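Here are my notes on this structure, set out as numbered points. I hope they are handy to have beside you as you look around the model.

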Amino acid sequence: MDDHPTLPIDVPKLDEPEAGDDEFAGPSEEELRRPEPPHPVNWNVLTAEEAVQEWFALDGWVNWLRRSYGLPVTIIPPYWHRHPELVWELSALHLHWLGAYDPEQEGSAPVAWHADFAAARERLRDWTAIAGTKLDSDRPTRQTTWPGAESAPDQAEHAIVNREKDFAQFVKDDFAARRAAEETFFKDAAVKPVVS
């Protein structure tokens, strides 16, 4: 993923703080060694690099979850990553699990996670049924066209041949799309006049 082109503009660097300036001292070495607490993942605003990390972290956890709990395809289908409704639900469940099993957490937190997991499984069943994704075939989630809106194109089913290859290609395509959006943003920002 490091073979992406650099931005065609010069991005100015921020001034470095003066030595001894406590207001800008930054985190201490101890704070830097401490693991970062779980944080919500807003898939809409992740950078290309952040998204790659989050995709692989979520994919690893989802694989662990489905195997550990013997979850059927009606709860977690192979192409969950191609359905935003499943991504958001699984991402939230992952974050909840990270918090529940944090060493600083109360001893009863895992019980609360399991109660919430039971409710989440019902929602996942609903999302999977709505999405229409199955063990051996997938199609994009159908969208209802509202009055006056342009009709969405009909989305045909296609066979699921190799889930791992599809996931890797999906992440690569997501990276490229996010990187292109970032480059467009910076190009547009570079040419806009500064208003004082």
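1. Let me begin with a single residue: in which helix is the place of Ser91? Ser91 sits in helix α3. Please keep in mind throughout that this is a predicted model. Ser91 has a relative accessible area of 9%, and because buried means under 20%, Ser91 counts as buried. Leaving aside neighbours within four places in sequence, Ser91 is in contact with Val41, Trp43 and Leu58.

2. Stepping back to the whole chain, the secondary structure comes to 5 helices and 2 strands. Read along the sequence, the pattern is α-α-α-α-β-β-α. The protein chain has 196 residues, of which 30% count as buried. Among contacts with a separation of 6 or more, 70% are between residues 24 or more positions apart.

3. Helix α2 covers residues 48-68, and its length makes a neat check. The 21 residues of α2 should span 30 Å at 1.5 Å a residue, and the end C-alpha atoms are 30 Å apart, so the two values agree. Buried residues in α2 include Ala48, Val52, Trp55, Leu58 and Trp61. The buried set of α2 also includes Glu54, Asp59 and Asn63. After α2 comes Gly70, with a positive phi near 55 degrees.

4. Two residues of α2 are worth setting side by side. Is Gln53 buried or exposed? Gln53 has a relative accessibility of 58%, which means that this residue counts as exposed. Gln53 is found in helix α2, and its C-alpha lies 9.8 Å from that of Val171, although the two residues are 118 residues apart in sequence. Leu65 is found in α2 too, but at 0% relative accessibility Leu65 counts as buried.

5. Leu65 deserves a second look for its surroundings. Not counting residues up to four places away in sequence, Leu65 touches Leu71, Ile76, Leu93, Trp113 and Phe117. The C-alpha atoms of Leu65 and Leu90 are separated by 10.0 Å, with these positions 25 residues apart along the chain counted as their separation. Ile76, for its part, is in contact with Val62, Leu65, Arg66, Leu71 and Leu90, again leaving aside neighbours within four places in sequence.

6. Now for the core. In soluble globular proteins, nonpolar side chains tend to be buried together. Here the largest nonpolar core has 30 residues, and those that touch the most other members are Trp55, Leu58, Trp61, Leu65, Ile76, Trp80 and Trp113. Helices α2, α3, α4 and α5 each supply at least two residues of this core. The largest share, 8 residues, comes from α2.

7. Helix α3 gives another length check. With 17 residues at 1.5 Å a residue, α3 should span 24 Å, and its end C-alpha atoms are 24 Å apart, so expectation and model agree. The buried residues of α3 include Leu86, Val87, Leu90, Leu93 and Trp97, along with Glu85, Glu89 and His94. What covers the buried residues of α3 includes α2 and α4.

8. Helix α4 has 23 residues and reaches 31 Å from its first C-alpha to its last, close to the 33 Å expected at 1.5 Å a residue. Among its buried residues are Trp113, Phe117, Ala120 and Leu124. Against which helices do the buried residues of α4 pack? They pack against α2 and α3. Gly132 follows α4, and its phi is positive, near 80 degrees.

9. Finally, have a look at the largest pocket, which holds about 210 Å³ of space. The lining has 14 residues, and those nearest the centre of the pocket are His39, Val41, Glu54, His94 and Leu98. By class, the lining has 8 nonpolar, 4 polar and 2 charged residues. Helices α2 and α3 each supply at least two lining residues, and the largest share, 5 residues, comes from α2. Two of the names nearest the centre have come up already: Glu54 among the buried residues of α2, and His94 among those of α3.

Technical notes
Residues are numbered from 1 along each chain as its sequence is written. Side-chain values use heavy atoms; hydrogens and water are left out. Helices (H or I, at least four residues) and strands (E, at least two) are DSSP runs, numbered from the N terminus. The expected span of a helix is 1.5 Å times one less than its number of residues. Buried means under 20% relative accessible area, exposed over 50%, partly exposed in between (1.4 Å probe, protein chains only). Contact means heavy atoms within 4.5 Å. A nonpolar core is a set of buried Ala, Val, Leu, Ile, Met, Phe, Trp, Tyr and Cys residues joined through side-chain atoms within 4.5 Å. On a 1 Å grid over the protein atoms alone, a cavity is a set of points where a 1.4 Å probe fits but cannot get out, and a pocket is an open set with protein on both sides within 12 Å along at least five of seven lines; lining residues have an atom within 4 Å of a point. Grid points are joined across faces, edges and corners, and a volume is the space filled by probe spheres set on the points. Ala, Val, Leu, Ile, Met, Phe, Trp, Tyr, Cys and Pro count as nonpolar, Asp, Glu, Lys and Arg as charged, and the others, Gly among them, as polar.
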